[in-house]
Amino acid sequence: MINAPAGATHFRLIHTLSVVSDFAYNAVTNSYDPIDTAQNEVSDVQFSTFLDLYAPATATTITATLPNGITPSADVTVLQGIGIEFYQQVGSNYYLFASGNCLKIEDAF
């Protein structure tokens with residue numbers, strides 16, 4: 001069910017959590033500034049191991065967590081993303097493909 005680029009031998013799954021603050025207009029600086037600067041742009045990105053495209057898939061769990069036990073404030077949005085990257089294995093090295101990779105924002109809360 002994976003539509004991999006030609007030549008790909010492996011893939012990795014990606015799970016991301018990113019915090020984006022709401023912004024408010026600041027008349028003094030004539031700009032929009034994040035309301036919650038402490039949580040703005042806090043993120044975590046986790047990857048699965050390299051998975052063989054041609055081997056039977058096994059159950060894979062990838063857990064991303066916000067650092068330091070952050071509890072999101074009412075002035076932020078947390079974006080959850082899932083993605084896939086394709087690689088070609090040459091010897092013991094994995095080379096990332098420049099195209100065919102994707103990431104989808106799965107949820108915003």
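Asn30 sits in the loop that runs between β2 (23-26) and β3 (31-34). The model is predicted. In this model, the phi angle of Asn30 is near 55°, a positive value in a residue other than glycine. Most residues other than glycine have a negative phi. Asn30 is exposed, and its relative accessible area is 58%. That value is over the 50% cut-off, so Asn30 counts as exposed.

A second positive phi occurs at Glu41. The angle there is near 70°, again in a residue other than glycine. Glu41 belongs to the loop between β3 and β4 (43-47). Its relative accessible area is 66%, and Glu41 is therefore exposed. Both Asn30 and Glu41 thus lie in loops that have β3 at one end.

Strand β2 also contributes to the surface. Tyr25 is placed in this strand. At 44% relative accessibility, Tyr25 is partly exposed. Tyr25 joins Val20, Phe23 and Tyr32 in a nonpolar surface patch. The patch covers about 430 Å².

Aromatic contacts come next. The whole structure contains 3 aromatic pairs. One of them joins Phe50 and Tyr87. A pair of aromatic rings is described by the distance of the centres and the angle of the planes. For Phe50 and Tyr87, the centres are 4.9 Å apart and the planes stand at 90°. The geometry is edge-to-face. Phe50 lies in the loop between β4 and β5 (51-52), while Tyr87 lies in strand β6 (residues 76-90). The two residues are 37 apart in sequence, so the pair ties together separate parts of the chain. Their exposure can be stated for each ring. Phe50 is partly exposed, at 32% relative accessibility. Tyr87 is buried, at 6%. Buried means under 20%, so Tyr87 falls in that class. Tyr94 joins Phe50 and Tyr87 to form one aromatic cluster.

The loop between β4 and β5 also holds Ser48. Ser48 is buried, with a relative accessible area of 8%. Its side chain reaches the backbone nitrogen of Leu13. The distance is 2.8 Å.

Arg12 takes part in two kinds of contact. Arg12 lies over the face of Phe47, at 4.2 Å from the ring centre. Arg12 also meets the side chain of Glu85 in a salt bridge. The N to O distance in this bridge is 3.5 Å. Side chains of opposite charge can pair when their charged atoms come close. Glu85 lies in strand β6, and Arg12 lies in strand β1 (residues 10-21). The pair ties together parts that are 73 residues apart in sequence. Glu85 and Arg12 are both buried.

The structure holds 2 salt bridges. Besides Glu85 and Arg12, Lys104 pairs with Glu106. The closest N and O atoms of Lys104 and Glu106 are 3.7 Å apart. Lys104 is exposed, with a relative accessible area of 51%. Glu106 is partly exposed, at 41% relative accessibility. The bridge between Glu85 and Arg12 therefore joins two buried residues, whereas the bridge at Lys104 has an exposed partner.

Asn93 provides a further set of distances. Asn93 is placed in strand β7 (residues 93-96). At 39% relative accessibility, Asn93 counts as partly exposed. The side chain of Asn93 makes a polar contact with the side chain of Tyr95, at 3.5 Å. Ala6 lies in the segment before β1. Ala6 is exposed, with a relative accessible area of 74%. Ala6 and Asn93 are 87 residues apart in sequence. Their C-alpha atoms are 18 Å apart in space. Asn93 and Ile82 are 11 residues apart along the chain. The C-alpha atoms of Asn93 and Ile82 are separated by 24 Å.

Definitions and conventions: Residues are numbered from 1 along each chain as its sequence is written. This is a predicted model: local features need pLDDT of at least 70, side-chain atom pairs count only at pLDDT 80 or more; totals for chains, interfaces and linings use all residues. Side-chain values use heavy atoms; hydrogens and water are left out. Helices (H or I, at least four residues) and strands (E, at least two) are DSSP runs, numbered from the N terminus. Buried means under 20% relative accessible area, exposed over 50%, partly exposed in between (1.4 Å probe, protein chains only). Rings of Phe, Tyr and Trp (its six-membered ring) pair if their centres lie within 6.5 Å; planes under 30 degrees apart count as stacked, over 60 as edge-to-face and the rest as tilted. A charge sits over a ring if NZ of Lys or CZ of Arg is within 6 Å of the ring centre and within 35 degrees of the ring normal. Patches are made of residues with over 30% relative accessible area and no salt bridge: like charges are joined within 9 Å, nonpolar side chains (Val, Leu, Ile, Met, Phe, Trp, Tyr) within 5 Å. Accessible areas come from the Shrake-Rupley method with a 1.4 Å probe; for residues, only the protein chains shown count as cover. A salt bridge is a side-chain nitrogen of Lys or Arg within 4 Å of a carboxyl oxygen of Asp or Glu. A polar contact is a pair of N or O atoms within 3.5 Å; within protein, one must be able to donate a hydrogen and the other to accept it, and residues adjacent in sequence count only if both atoms are side-chain atoms.
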